[in-house]
Each structure stands twice: as C-alpha cells, then as structure tokens.
Amino acid sequence: MTNHHEKQHNEEDLEQDPILNSEETDNIADATLNSDTTDEDSKEKKKKGIFSKKKESEVDILKKQVEDIAIEKSEMHDRYLRLYSEFDNYRKRSNKEKIELMKNASEDMIYAILPVVDDFERAISTADAIEGSEAMKEGILLIYSKLINTLKQKGLSAIESIGKPFDTDFHEAITMVPASDESQKGLVVVEIEKGYLINDKIIRHAKVVVAN
C-alpha cells in the first residue's frame, strides 16, 4: 500500500518537473527565436541606416563638386572676357599708333619740303617781273604744279588768309597796320608766309599782317 502511494507521488512530481514541461519548453524556444529575429532586424536596419547615410554623403559631395565646377566656369568666363577686352583695346591702340606714326612721318617730310615750296613761289613772283622770262616761268610753274599736286595727295592743303578774319588758330600776326576803313579792321591784309594743313592738322601757321 505504501509502495503504491510513493509511485503515484513520484509520477506526479515527474509530470510537474520543469525540464519535461513542454509548454515552458515551447515558450523558451519562441523567445529564443524572437530574440534571433530581432537581432537580425536590428542588424538589417543598421546596415540600411549606414547605407543611407553613405548615399546622402555621396550626394552632398557631388553637389559640392557641381557647385565648384560652376564657380570655376564663371571665373574662367570672366577672365576670358577681360582678356578679350584687353586684347581688343590693345589691337585698337596699336592700329591707332600705326596710323599716327604714318601721319607723323608724312608730316615731318612735308614740313621739311615747305621751304622748297616757298622758294618756288618766290621764283614765280620774280619771273613775273622779268621781261622775256616766259619760258623760265613756264618751266618753274610746271615743276611747282607737280610738287604741289604730289603734296596734296599726301593730305597737304594751304590755309586761306588774305581777306579773312585774323584767327590765332591759323594765323601768326607779324605786325599790324592801320585799316583803310572800318570794314578792314581785324582782317588779314598781307600774307608774309603761307600756312599749311595736313589732314586738317596745322603743320605751319600763316605769317600775316593784320589791319587794325
């Protein structure tokens, strides 16, 4: 009788042993599985977060590179415009200097020839006063005409003075004489030496006598 009770008691203890309790075993297994799954999810989310940050960082770098390229392009364009403007100004200045040099070279040459022109004009005046000098005068006039025409082609022109109002821009007064009437006052009455222009630029003022 006693042995039967002990056996029954042992069977009850065996059924209550936590090691053999299937329900608790299942709970432990589920908890372990859930823990593993949570860890995997956490790792996956962490990976995604790192990838996302890396991607954002790369995008920021690309944006910065694009901005730098745009700034560099703008600076290069500005430098190009400045260089082009400087070169264009240099070209225009060089061309102007060449033209001025050519004009000045011509001006110096013609200015040196003007005394010869003066001599021809005096020779013509002298020939007029000499009888029988028509052939000589004709020869002088021929040479004088050729010289004057050549100089005119180079831009030379004479300043008109006789009967014109005295103008310090064109005339140099040698002396003054009394005017014969009021209408003569301030006018050039005698031209001592003819004045000349080259391309509208005065190279020699006319030496004149002015009525006063």
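Begin with the whole protein chain in view: among its contacts with a separation of 6 or more, 62% are between residues 24 or more positions apart. The model is a predicted one, and its protein chain contains three helices and six strands, which follow one another from the N terminus as α-α-α-β-β-β-β-β-β. If you switch on a surface, the exposed area comes to about 16900 Å², of which carbon and sulfur atoms supply 56%, while buried residues make up 17% of the 212 residues.

Next, select Ile-110, Leu-114, Val-117, Tyr-144, Leu-156, Tyr-196 and Ile-203, the residues with the most contacts inside the largest nonpolar core, which has 13 residues. Two or more residues of this core come from each of H2, helix H3 (134-153) and strand E4 (196-198), and H2 gives the most, with five residues. In soluble globular proteins, nonpolar side chains tend to be buried together. Centre the view on Leu-114 and display its neighbours: leaving aside residues up to four places away in sequence, Leu-114 touches Leu-156, Tyr-196, Ile-203 and Arg-204.

Stay with helix H2 (residues 22-129), and move along the helix to Leu-81. Together with Tyr-80 and Tyr-84, Leu-81 forms a nonpolar patch on the surface, with about 350 Å² of accessible area for the three together. Leu-81 itself counts as partly exposed, because its relative accessibility is 43%.

Asp-88, also found in helix H2, is the next residue to pick. Is Asp-88 buried or exposed? Its relative accessibility is 16%, so Asp-88 counts as buried, the cut-off for that class being under 20%. The side chain of Asp-88 makes a polar contact of 2.6 Å with the side chain of Arg-91.

Now turn to the charged pairs, for the structure holds eleven salt bridges. One of them joins the side chains of Asp-119 and Arg-122, at 2.7 Å from N to O; both residues lie in helix H2, three residues apart, which is about one turn of the helix. Asp-119 is partly exposed, with a relative accessible area of 43%, whereas Arg-122 is exposed, at 52%.

Select Lys-207 and Glu-193 next, whose salt bridge brings the closest N and O atoms to 2.9 Å. Lys-207 lies in strand E6 (residues 206-211) and Glu-193 in strand E3 (residues 188-193), so this pair ties together parts that are 14 residues apart in sequence. Lys-207 counts as partly exposed at 26% relative accessibility, and Glu-193 counts as partly exposed at 23%. Add Asp-118 and Arg-204 to the selection, since salt bridges that share partners join these two with Glu-193 and Lys-207 into one network. Arg-204 has already appeared on this tour, as one of the residues that Leu-114 touches.

A further salt bridge to display is that of Lys-164 with Glu-160, where the closest N and O atoms are 3.9 Å apart. Lys-164 is partly exposed, with a relative accessible area of 37%, while Glu-160, at 62%, counts as exposed.

Finish in the loop between E4 and strand E5 (201-204), where Asn-199 lies and where Asp-200 also has its place. Which backbone feature should be examined at Asn-199? Asn-199 has a positive phi of about 50 degrees although it is not a glycine, and Asp-200, likewise a residue other than glycine, has a positive phi near 70 degrees. At 42% relative accessibility Asn-199 counts as partly exposed, whereas Asp-200, at 74%, counts as exposed.

Conventions:
Residues are numbered from 1 along each chain as its sequence is written. This is a predicted model: local features need pLDDT of at least 70, side-chain atom pairs count only at pLDDT 80 or more; totals for chains, interfaces and linings use all residues. Side-chain values use heavy atoms; hydrogens and water are left out. Patches are made of residues with over 30% relative accessible area and no salt bridge: like charges are joined within 9 Å, nonpolar side chains (Val, Leu, Ile, Met, Phe, Trp, Tyr) within 5 Å. Accessible areas come from the Shrake-Rupley method with a 1.4 Å probe; for residues, only the protein chains shown count as cover. A salt bridge is a side-chain nitrogen of Lys or Arg within 4 Å of a carboxyl oxygen of Asp or Glu. Helices (H or I, at least four residues) and strands (E, at least two) are DSSP runs, numbered from the N terminus. Buried means under 20% relative accessible area, exposed over 50%, partly exposed in between (1.4 Å probe, protein chains only). A nonpolar core is a set of buried Ala, Val, Leu, Ile, Met, Phe, Trp, Tyr and Cys residues joined through side-chain atoms within 4.5 Å. Contact means heavy atoms within 4.5 Å. A polar contact is a pair of N or O atoms within 3.5 Å; within protein, one must be able to donate a hydrogen and the other to accept it, and residues adjacent in sequence count only if both atoms are side-chain atoms.
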